[in-house]
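Thanks for making the time this morning. I would like to walk through one structure with you, and I will try to keep each statement close to what the coordinates show.

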Amino acid sequence: MSELFNIPTQLQQLISAEQAYHYHIVPVEQQNGSLVFKTDQKDTIALRQELQIILGKAVELIEDSPENIQKYLSLNYRKNQQLSSNQLNYSEDFLLNIIHEAKAIGSSDIHFEVFEAIRRVRFRIDGKLIERFLIAEHEYPKIINQLKIKAGLDIAEKRLPQDGRINIKTTTEEFDIRVSSLPTLHGEKIVLRLLSKDATNIQLNALGFTDDELKRYKQSVKSQNGIILISGPTGSGKTTTLYATLKLLNTNDTNILTIEDPIEYTLEGINQVQLKENIGLDFAKSLRTFLRQDPDIIMVGEIRDVATANMAIRASLTGHLVLSTIHTNSAWATISRLIDMGVPPFLIASTLKVSVAQRLVRKLCEHCKVSSKISVDLFPENFSITNAIKDHYKPQGCEKCYHTGYSGRKAIYEIIPITKELTELIKKNVLEIDEYLSQKNIRTLKTNALDLVANGETSVAEIYALLID
């Protein structure tokens, strides 16, 4: 239903969000130099005259209901406290306006993309990309060069990928931006990752752990040595979980060292090192140096190769607690991944304390979700609903959630403490443990996801990928 109220990006840009909300207008057409708007205002004569003065073009107004206008506004013009600007204005502040708008409405990434016919800007919000601006062909190269200059990149190099960083300071906040440029068929694509420096609000008990999971996890991370591994795809919240763990462990009598790429948050009292592979400062080399820095706890941003894995295990064997992330589909698949990388099973068994997998799931909007009877057609083929879900909620869409049906995200976890029984199984390279998980009442990503559906917190569509074996 919300598709009926979508406004094409080129029309959205004709006015700012502030103008749209102030005058209760939405652009629906541009023809022969005149602009056509829908409005719920009664005095259309005065409104048309004022708009013609402000916009400098002929204006036509079409009356619509207040309910429809509100749907148009909330779906196409997101409000935020710092900035309200859909209108495109190629000024010196154009880039900063885009960045601050993305930050204010909770975007994690900004994509500048070029194709044969269009050049666009998209924001990633709650894990999904939405188109925000279309950029004129002659303006796109200028914008890309401005970005590259701010990030310290070589503007003459257009054939190779480049990585850089931008620091943004305002009177109210400071944050970093990771910049990645990529040469594509029609020009350079640039992605900005917004990195918040404020870690004060990151707490383990607010991330999504159940009470039992939090208890198990805290017990594991309070070990004086061993490895803690958190797995999941890019953007699943692994780094946030690591930082929340470091906050728990950060005391005056503890020496904590981290090697990261990039440093997403700064934490007082923790020694953080930025990875610089172009000069030889990689994860494995940093770990060797860390062992001479008298550490108690080491955090490695990611185990990418066998050298890093072996150094992490060596660090844990010499009496250090090592925390890191790895890319696998489940907590138990982490063991298979390490074995595939060439790490001997007996070393994994003697060092790994807990394996964690996590995902981020969008939460249904509490203001507009609607109840419906469950149907087997909603689930993957041959999937059995084991916890007897009778009803579920579907996304509807309202002005509170910008007609997406979702508002915010929640992490779900799969936590497997490595017990003596599992240690023996790992040594024997026995990697089928479904029966063990069931006996120990260890919840998987799938069961936790289904619980969110049963509790009305998310939709079946949102967790569908997790239900496919």
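I will begin with the whole chain, then move to the sheets, the helix pairs and finally two single residues.

Please keep in mind throughout that this is a predicted model. The protein contains 16 helices and 18 strands, and its C-alpha trace spans about 80 × 60 × 45 Å along the principal axes. Of the 469 residues, 48% count as buried. If we take the contacts with a sequence separation of 6 or more, residues 24 or more positions apart account for 62% of them.

Let me turn to the strands, and start with E4, E5 and E6. Strand E4, residues 107-114, runs antiparallel to E5, and seven bridges join the two; they form a hairpin with four residues between them. Strand E5, residues 119-125, then pairs on to strand E6, residues 128-134, again in the antiparallel sense, this time through six bridges. E5 and E6 also form a hairpin, here with two residues in between, and Asp126 in that turn has a positive phi of about 50°. If you want a single residue to follow through this arrangement, I would suggest Arg122: in E5 it is the bridge partner of His111, and it also stands opposite Glu131 in E6. As for how covered E5 is, six of its seven residues are buried.

Now to another sheet. In what order do the strands of the seven-stranded open sheet run? The order is E12-E11-E13-E14-E10-E15-E18, and the pairing is mixed. At the edges are strand E12, residues 271-274, and strand E18, residues 406-417, each of which pairs on one side only. From one strand to the next, the twist averages 15°. As a general reminder, strands of a sheet pair through backbone hydrogen bonds, and they may do so either parallel or antiparallel.

At the E18 end of this sheet, strand E15, residues 352-364, and E18 pair in the antiparallel sense over ten bridges, with Leu364 standing opposite Tyr406 of E18. Across these two strands, E15 and E18, lies helix H15, residues 445-454, which runs at about 145° to E18.

That helix brings us to the helix pairs. The axes of H15 and of helix H16, residues 460-467, come within 10 Å and cross at roughly 165°. Because angles over 145 degrees count as roughly antiparallel, H15 is described as roughly antiparallel to H16. Their crossing is left-handed. On the H15 side the residues involved are Leu445, Lys446, Ala449, Leu450 and Val453, and these meet Val460, Ile463, Leu466 and Leu467 of H16. By class, this contact has eight nonpolar residues, no polar ones and one charged residue.

I would set beside this a second pair, H7 and H8. Helix H7, residues 211-221, and helix H8, residues 238-249, have axes that come within 11 Å and cross at roughly 60°, and this crossing is right-handed. The contact is made by Tyr217, Lys218 and Val221 of H7 together with Thr241, Thr245, Leu248 and Leu249 of H8. Sorted by class, the residues in this contact are four nonpolar, two polar and one charged.

One of those H8 residues deserves a separate word. Is Thr245 buried or exposed? Its relative accessible area is 0%, and Thr245 is therefore buried. Leaving aside residues up to four places away in sequence, Thr245 touches Leu204, Tyr217, Val221 and Leu323.

For the second single residue I have chosen Lys57, which sits in the loop between helix H3, residues 44-55, and strand E3, residues 58-63. With a relative accessibility of 33%, Lys57 counts as partly exposed. Its contacts, with residues up to four places away in sequence again not counted, are Gln30, Gly33, Leu35 and Gln52. As for Gly33, it is 24 residues from Lys57 in sequence, while the C-alpha to C-alpha distance between the two is 6.7 Å.

That is where I will stop, and I am glad to go back to any of these regions on the screen.

Methods:
Residues are numbered from 1 along each chain as its sequence is written. This is a predicted model: local features need pLDDT of at least 70, side-chain atom pairs count only at pLDDT 80 or more; totals for chains, interfaces and linings use all residues. Side-chain values use heavy atoms; hydrogens and water are left out. Axes are lines fitted to C-alpha atoms, for helices over the stretch in contact, and angles run from 0 to 180 degrees between N-to-C directions. A crossing is left-handed if the near helix is turned anticlockwise from the far one by less than a right angle, and right-handed if clockwise. Contact means heavy atoms within 4.5 Å. Ala, Val, Leu, Ile, Met, Phe, Trp, Tyr, Cys and Pro count as nonpolar, Asp, Glu, Lys and Arg as charged, and the others, Gly among them, as polar. Two strands pair if DSSP finds at least two bridges between them. Angles under 35 degrees count as roughly parallel, over 145 as roughly antiparallel, 65 to 115 as roughly perpendicular and the rest as oblique. Buried means under 20% relative accessible area, exposed over 50%, partly exposed in between (1.4 Å probe, protein chains only).
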